[in-house]
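Please walk me through this model stop by stop. Tell me what to select next and what to look for there.

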Amino acid sequence: MIVTCAHDRNAFVWTYSDGVWNPSLVILRIEYAAIDCKWSPDGRKFAVASGAKCVPVCHYEEENSWWVSKMIKKPHKSTVLCVAWHPNSQLIATGSSDFKCRLFSAYVEATDDSQDMGPLAGENPASFAEMYHDWSANGWVHCVDWSPSGNVLAFGAHDSSLHVVTFGGGAPVTQVVRFTFLPLCTVKFISDAAILGGGHDCNPAVFANIGAGWAFSEFCDKKPAAEKKAEVATSGAAAARAMFQNKTKTGQTQSKESMNDNSWQKHQSPVTFMQQLNPASSTCSEFSTTALDGRIAVWKLPEMDLNHGAMGL
Amino acid sequence: MSSFSSADVAAADQHVDALVASNQATEALLSTLVAPPIGIKDAEVKHAYRAVVYKAIAAIDDRDIAAAVEALDGNAANVLLKYIYSALSFAHPPTPEGSDATSAAVATAEQEQKKRSASLLKWHALVAAKTGPGSVIRVMTDRKRV
């Protein structure tokens, strides 16, 4: 099944039969756009991040053969930009434009068996839509993701920071990585010790935790060694002609490298989504990135020059 | 941070003066960036502290900016960038108005303003080169204003 949601406040669940995808409308009961939607890992529920400051969590009701939504509302003060399910399908993290990332219980008695507290073992089990924790950032929280083990939560905010929360034994511990490049739009764990971030630099960035805490490691896309460049005209008429030629060819005035020249990168626009391509049951060895330039790029981790052992890849 | 008072500002001011007098302008600047009153409610105190930081920045000669920027750590650099942006937001010394506005006085004021902006832009270029566009984004998004 595929779940889709749109700014027209609707969500559809598509089922495939006899070569045709059939949509069935889900009544979300939101008055504003749906921004993001995710299936729970067990595939029985899905959550929709919406501009109505709430997250409808939908499960299937057999008697009426339709998807029913329950709302997670308080205390979101603004649009919910992203949602991420914990691997146990009962906890959900949300990122909002009110600068906070929050952790809620998404335990639905009708669909789930027994309540599993996951990394919050030791805390009091809360009912559906109750908030366990929240964390603040200095900008909109664009993206949030759980580690494969479910013990670490990472969220990226618009103030060029990546917050990593580690659970297990007592209170959750947060570490903030303030990096030097532009904010992230999407974040994905590729192992318990490595996070990929895609953002406005159009280049997937690797953050790793190899002993001394989380830190930015490197970008995936590396600039190739300088190739021999054609002679740049510098005098009078020739220079003027070269400038106009370059404007029509590359959209930039200089043929020499300008500071913002990113034509060597695989992506020319902010990276908005990343996904593991090889089966989820094994360690990530291949992932894809999509960007606003309409390109999908596939990256092979073993071929990249990373500290694979330490990162658990 | 919430307990920052005008007495603390005065103390910081004296500290900066002392260090600048003994030729340690870089240390003076670093000392102002360690625990600034960012995000406190008292606007007067923040305003007064800004003047201390601007003084520390101005005390460092243009030739020594690169060395001073080298001495900053990540956090201090981010804080300094906030103060640089706030310093760039107004002209100083103020252009004389009314009866003071003789053409000579206005001309000298504008000369001084240009020199100050030029050196602030040098600061900006070097600090931003060190901390990247991420730090500029942080200046823009941080609600806790300088």
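Select R44(A) to begin; in this predicted model its relative accessibility is 36%, so R44(A) counts as partly exposed. Add D42(A), at 33% relative accessibility and therefore also partly exposed. The two form a salt bridge, with the closest N and O atoms 3.4 Å apart.

Next, select K45(A) and D112(A). Their side chains meet in a salt bridge, 2.7 Å from N to O. This pair links distant parts of the chain, 67 residues apart. K45(A) sits in strand β5 of chain A, residues 45-50. D112(A) lies in the loop between β10 (100-105) and β11 of chain A. Are these two residues buried or exposed? Both K45(A) and D112(A) are buried.

Move on to K100(A) and D134(A). Here the side chains meet in a salt bridge with an N to O distance of 3.7 Å. K100(A) is in strand β10 and D134(A) in strand β11, both of chain A. They are 34 residues apart, so colour both strands to follow a pair that links distant parts of the chain. K100(A) has 24% relative accessibility and so counts as partly exposed. D134(A) is partly exposed too, because its relative accessible area is 32%.

Now switch to chain B and pick D13(B), D17(B) and K55(B). Salt bridges that share partners join these residues into one network. How many salt bridges does a search of the whole structure find? Over all chains, the search finds 16.

Aromatic rings come next. Over all chains, a search of the whole structure finds 21 aromatic pairs. Show W135(A) with F167(A), one of these pairs, as sticks. The geometry is edge-to-face: the centres are 6.0 Å apart, with 80° between the planes. W135(A) belongs to strand β11 (residues 131-136) of chain A. F167(A) is in the loop between β14 (161-166) and β15 (173-178) of chain A. The pair links distant parts of the chain, 32 residues apart. W135(A) has 9% relative accessibility and so counts as buried. F167(A) is buried as well, because its relative accessibility is 7%.

Stay in chain A and select F179(A), F181(A), F207(A), F216(A) and F219(A). Ring pairs link these residues into a cluster.

Go to V26(A) in strand β3, residues 20-26 of chain A. Its relative accessible area is 1%, so V26(A) is buried. Which residues does V26(A) touch, not counting those up to four places away in sequence? Select A11(A), V13(A), F46(A), C58(A) and W67(A) to see these contacts. For a distance check, add V80(A): V26(A) and V80(A) are 54 residues apart in sequence and 19 Å apart in space, C-alpha to C-alpha.

Last stop: the interface of chain B and chain A. Ten residues of chain B are in contact with eleven of chain A. About 870 Å² is buried between the two chains, 57% of it on carbon and sulfur atoms. Highlight I137(B), R138(B) and T141(B). They supply 52% of the area that chain B buries against chain A, more than any other three residues. By class, the side of chain B that touches chain A has two nonpolar, four polar and four charged residues. Across this interface the rule finds zero salt bridges. The rule does find four residue pairs in polar contact there, with both residues at pLDDT 80 or more.

Technical notes
Residues numbered from 1 in each chain as written. Chains lettered and ligands numbered in written order. Predicted model: local features only at pLDDT ≥ 70, side-chain atom pairs only at ≥ 80, totals over all residues. Heavy atoms only, no water. Helix = DSSP H or I, 4+ residues; strand = E, 2+ residues; numbered from the N terminus. Buried < 20%, exposed > 50% of the residue type's maximum accessible area, 1.4 Å probe, protein only. Contact = heavy atoms within 4.5 Å. Buried area = accessible area lost by both parts, 1.4 Å probe. Salt bridge = Lys/Arg side-chain N within 4 Å of Asp/Glu carboxyl O. Polar contact = N/O pair within 3.5 Å; in protein donor to acceptor, adjacent residues only side chain to side chain. Nonpolar A, V, L, I, M, F, W, Y, C, P; charged D, E, K, R; others polar. Phe/Tyr/Trp six-rings, centres within 6.5 Å; stacked < 30°, edge-to-face > 60°.
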